[in-house]
Amino acid sequence: MQPIQMVDLNNQYLKIKNQVDEAVLDVIASSKFINGPAVQEFAANLSGYLKVKHVIPCANGTDALQIAMMALNLQPGDEVILPAFTYVATAEVIALLRLKPIMVDVDPKTFLIDISKIEPAITSKTKAIVPVHLFGQCADMESIMQIAARHSLYVIEDTAQAIGADYTLGNGKISKAGTIGTIGATSFFPSKNLGCMGDGGAMFTNDDELAKRLKMIANHGQSVQYVHDDIGVNSRLDTIQAAILNVKLKYLDVYAQARNHVADFYDVAFANHPNLLPPVRVKNSTHVFHQYTLQTCGIDRDHMRKWLAEKSIPSMVYYPIPLHWQKAYASSDFPKGSLPVTEQLCSCVISLPISTEMSSDQLEYIVKHVKDYCKEFAK
Ligand SMILES: *Cc1c(COP(=O)(O)O)cnc(C)c1O
């Protein structure tokens, strides 16, 4: 059995090595490292795949979120609603732009923003909602878009973990994650479902004017060379990364299938287990399983992780500390205890290895040891 990793990027690479190497060498030979042809090719390919009018590449997923908020002209003091159970980047860009992050709790079963908590958090200062399609399935976009319409709010989808997921709207229309709201923001960090070999990100929108602004802000606020209409940033996707992504995009659906295969295996193995609750799949979205995250109960999660590590089984906790407990984001508006589901999840979740290249002996080994741990140590 090959050593188990949280994400096996090397074996994934080896399967497409020739194509990736050739794409990278082509860029090197062309010397067009910045804004070379592969960047626009990739934007066009991704826009075709997502069926969204505009894809604007940028340097990483955090920038994508930041540029999205800059393009919408949000002003200091404006409030932006986000789930408390997410990666820090979602809150970070809000705070960085001197907007006010309004954290709301998540649904304990799906880990996604709790729809019933959104409207009570809306004030006259609220300008946007940032749903996070956490772990690979879509938040309840139908309800979120309805709430946004009622209150004239923008919706910025953080789809860093869910690229490729399909969401079915009430009218039967199927849309890709990140293409339903005002702007979608994603990341091509190596371990993401569509990962490059460095940093990368992109924004999606169907709005022509907004697409122009996103592009301009990502390029120093420059509309024409050396003409700066707005304060912008410098955020580009490297040509080499775009060339790699052009190869990997072709496999994105196959990768999602492989991840689902792993998730199905775990689901069956842990069904009705007294100490482990498998992730619940929502109705209107497919799941691309960026992470496979279980809730534990009646066991010491951190002790289990150490014990598994001794058996060479890596695991992770996404996320161990609630945002509102972090020094940088603590606020008297969100004291300890105010977001109880998030707080509980941070104490009990565990993510098991999931990747496109896992073998059945690796999966059986993981499942056996996780179950053995529970048998031996459950309180
Ligand atoms: C990875 C991630 C980001 C940030 O992406 P980077 O490319 O690392 O900047 C933002 N939000 C979520 C939910 C993520 O998982």
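These legends accompany close-up views of a predicted model.

**View 1. Helices α11 and α13 pack against each other at an angle of about 130°.**
Helix α11 covers residues 301–310, and helix α13 covers residues 360–377. Their axes lie 10 Å apart. The two helices are therefore oblique to each other. Their crossing is right-handed. From α11, the contact takes in His-303, Met-304, Trp-307 and Leu-308. From α13, it takes in His-369, Val-370, Asp-372, Tyr-373, Glu-376 and Phe-377. By class, six of the residues in this contact are nonpolar, two are polar and two are charged.

**View 2. A cis peptide bond joins Tyr-318 to Tyr-319.**
Omega of this bond is near 10°. Tyr-319 sits in the loop that runs between α11 and α12. Helix α12 spans residues 340–348.

**View 3. Asn-73 has a positive phi.**
The value is near 60°, in a residue other than glycine. Asn-73 belongs to the loop between α4 and β2. Helix α4 comprises residues 61–71, and strand β2 comprises residues 79–83. The relative accessible area of Asn-73 is 44%, so this residue is partly exposed.

**View 4. Tyr-226 has a positive phi and lies in a loop between two strands.**
Phi of Tyr-226 is near 70°, and the residue is not glycine. The flanking strands are β10 (222–224) and β11 (227–228). Tyr-226 has a relative accessibility of 66% and so counts as exposed.

**View 5. Asp-114 and Lys-117 form a salt bridge.**
This is a view of one of the 14 salt bridges counted in the model. Side chains of opposite charge can pair when their charged atoms come close. Between Asp-114 and Lys-117, the N to O distance is 3.0 Å. Asp-114 counts as buried, at 15% relative accessibility. Lys-117 is partly exposed, with a relative accessible area of 38%.

**View 6. A salt bridge links Glu-119 in helix α6 to Arg-150 in helix α7.**
The closest N and O atoms of the pair are 3.0 Å apart. Helix α6 spans residues 118–121, and helix α7 spans residues 141–151. The pair therefore ties together parts that are 31 residues apart in sequence. Glu-119 is partly exposed, with 31% relative accessible area. Arg-150 is exposed, with 53%.

**View 7. Glu-209 and Lys-212 pair within helix α8.**
Their side chains meet in a salt bridge, with an N to O distance of 3.3 Å. Helix α8 comprises residues 208–218. The two residues are three apart, about one turn of the helix. Lys-212 is exposed, with a relative accessible area of 54%.

**View 8. Asp-264, Asp-267 and Arg-281 are joined in a salt-bridge network.**
The network links two Asp residues and one Arg residue.

**View 9. Val-24 of helix α2 meets residues distant in sequence.**
Helix α2 spans residues 17–30. Val-24 and Ala-243 are 219 residues apart along the chain. Their C-alpha atoms are separated by 6.4 Å. Leaving aside residues up to four places away in sequence, Val-24 touches Ile-240 and Ile-244. Val-24 counts as buried, at 18% relative accessibility.

**View 10. Helix α4 is largely enclosed by the rest of the structure.**
Ten of its eleven residues are buried, so the helix is largely enclosed. Gly-61 is buried, as are Asp-63, Ala-64, Leu-65, Gln-66 and Ile-67. Ala-68, Met-69, Met-70 and Ala-71 are buried too. Both strands and helices contribute to the cover. Among the covering strands are β1 (54–58), β5 (154–158), β8 (183–187) and β9 (201–205). The covering helices include α5 (88–96) and α8. Helix α8 also holds the Glu-209 and Lys-212 pair. The loop between α4 and β2 contains Asn-73.

Key: Residues are numbered from 1 along each chain as its sequence is written. This is a predicted model: local features need pLDDT of at least 70, side-chain atom pairs count only at pLDDT 80 or more; totals for chains, interfaces and linings use all residues. Side-chain values use heavy atoms; hydrogens and water are left out. Axes are lines fitted to C-alpha atoms, for helices over the stretch in contact, and angles run from 0 to 180 degrees between N-to-C directions. Helices (H or I, at least four residues) and strands (E, at least two) are DSSP runs, numbered from the N terminus. Angles under 35 degrees count as roughly parallel, over 145 as roughly antiparallel, 65 to 115 as roughly perpendicular and the rest as oblique. A crossing is left-handed if the near helix is turned anticlockwise from the far one by less than a right angle, and right-handed if clockwise. Contact means heavy atoms within 4.5 Å. Ala, Val, Leu, Ile, Met, Phe, Trp, Tyr, Cys and Pro count as nonpolar, Asp, Glu, Lys and Arg as charged, and the others, Gly among them, as polar. Buried means under 20% relative accessible area, exposed over 50%, partly exposed in between (1.4 Å probe, protein chains only). A salt bridge is a side-chain nitrogen of Lys or Arg within 4 Å of a carboxyl oxygen of Asp or Glu.
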